[in-house]
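Open the model in your viewer and keep the sequence panel visible. The tour goes from the whole chain to a single residue.

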Amino acid sequence: MEGRIRLSADRRREQLLEVAGEAFARHGYHGLSMEQLADAAGVSKPVLYQHFPSKRDLYLAIVRDAVAQLERRVGNALLGTTSNRDRVHGAISAYFDFVEDRRFRLLFATAELTDADVREAVESAMVRVANAVAVLIAEDAGLSGSAAEFLASGLRGLAMDGARWWAGQEAVGRDEAVRLLSQLAWRGLGSFSPEP
């Protein structure tokens, strides 16, 4: 067909994930057919099926890509500095970046979390994020692994729930919301220090 750009297989897959992610975020999983997704991406259904055998496979690929990006953002925040206060701020900011992303709605505002594979992809990513935070808490605060995991899980919940509330309200500016949550988290975490 004239006017279509031929892309490499990897670039085409990225393009399909991007277009489908936006479409799913707007219309939900059940509101779209593979034909509509192919039309939105400007490809034929056979091309779409070459990359993703089913709508569920496509959706699951988008979910996995989204949570992988969240993990990378939090990981970069944790490893990008040696200041624990800056790590807390950076990690919380990463959650806010994520909820501003269209895929946040895809992951948390749709009913597809009832799908066992989708739920497992999201939950295992959240556990990996908390585990990465727990390692730093254990090292810096001199706490046991289980105590650090407990605190990291609470911190993750604080960041995610705070960011989700903010996304629905936006009554507080983004930077101010990140600052407030970071201060709350840091005042708590900063009180832990290794035993002499």
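The stops below run from the overall fold to a helix pair, the nonpolar core and one buried alanine.

**Whole chain**

Start with everything selected, and bear in mind that this is a predicted model. Colour by secondary structure: the protein chain has nine helices and zero strands. Followed along the sequence, the pattern reads α-α-α-α-α-α-α-α-α.

Next, turn on the surface. The accessible surface of the protein chain is about 10,700 Å², and carbon and sulfur atoms hold 51% of that. Of the 196 residues in the chain, 42% are buried. If you draw a contact map and keep contacts with a separation of 6 or more, 67% of them join residues 24 or more positions apart.

**Helices H1 and H2**

Select residues 9–27 for helix H1 and residues 34–41 for helix H2. How far apart are their axes, and at what angle do the helices pack? The axes are 9 Å apart and the angle is about 115 degrees. The crossing of H1 past H2 is right-handed.

Now show side chains at the contact. From H1, select Arg 12, Gln 15, Leu 16, Val 19, Ala 20, Ala 23 and Phe 24; from H2, select Leu 37, Ala 40 and Ala 41. By class, the residues of this contact are eight nonpolar, one polar and one charged.

**The largest nonpolar core**

Keep Phe 24 and Leu 37 selected and add Leu 48 and Leu 58: these four have the most contacts inside the largest nonpolar core, which has 60 residues. To see where the core draws its residues from, add the elements that give two or more: H1, H2, helix H4 (55–79), helix H5 (84–100), helix H7 (116–141), helix H8 (145–169) and helix H9 (174–189). Which helix gives the largest share of the core? That is H7, with twelve residues.

**Ala 125**

Stay on helix H7 and select Ala 125, which lies in it. Is Ala 125 buried or exposed? Its relative accessibility is 1%, and the cut-off for buried is under 20%, so Ala 125 counts as buried.

Display its surroundings. Leaving aside residues up to four places away in sequence, Ala 125 touches Val 67 and Glu 71. Finally, set a distance label between the C-alpha atoms of Ala 125 and Leu 70: the two residues are 55 apart in sequence, and the label should read 8.4 Å.

Key
Residues numbered from 1 in each chain as written. Predicted model: local features only at pLDDT ≥ 70, side-chain atom pairs only at ≥ 80, totals over all residues. Heavy atoms only, no water. Axes fitted to C-alpha atoms, helices over the stretch in contact; angles between N-to-C directions. Helix = DSSP H or I, 4+ residues; strand = E, 2+ residues; numbered from the N terminus. Left-handed = near helix turned anticlockwise from the far one by under 90°. Contact = heavy atoms within 4.5 Å. Nonpolar A, V, L, I, M, F, W, Y, C, P; charged D, E, K, R; others polar. Buried < 20%, exposed > 50% of the residue type's maximum accessible area, 1.4 Å probe, protein only. Areas by Shrake-Rupley, 256 points an atom, 1.4 Å probe, with all protein chains shown as cover. Core = buried A, V, L, I, M, F, W, Y, C linked by side-chain atoms within 4.5 Å.
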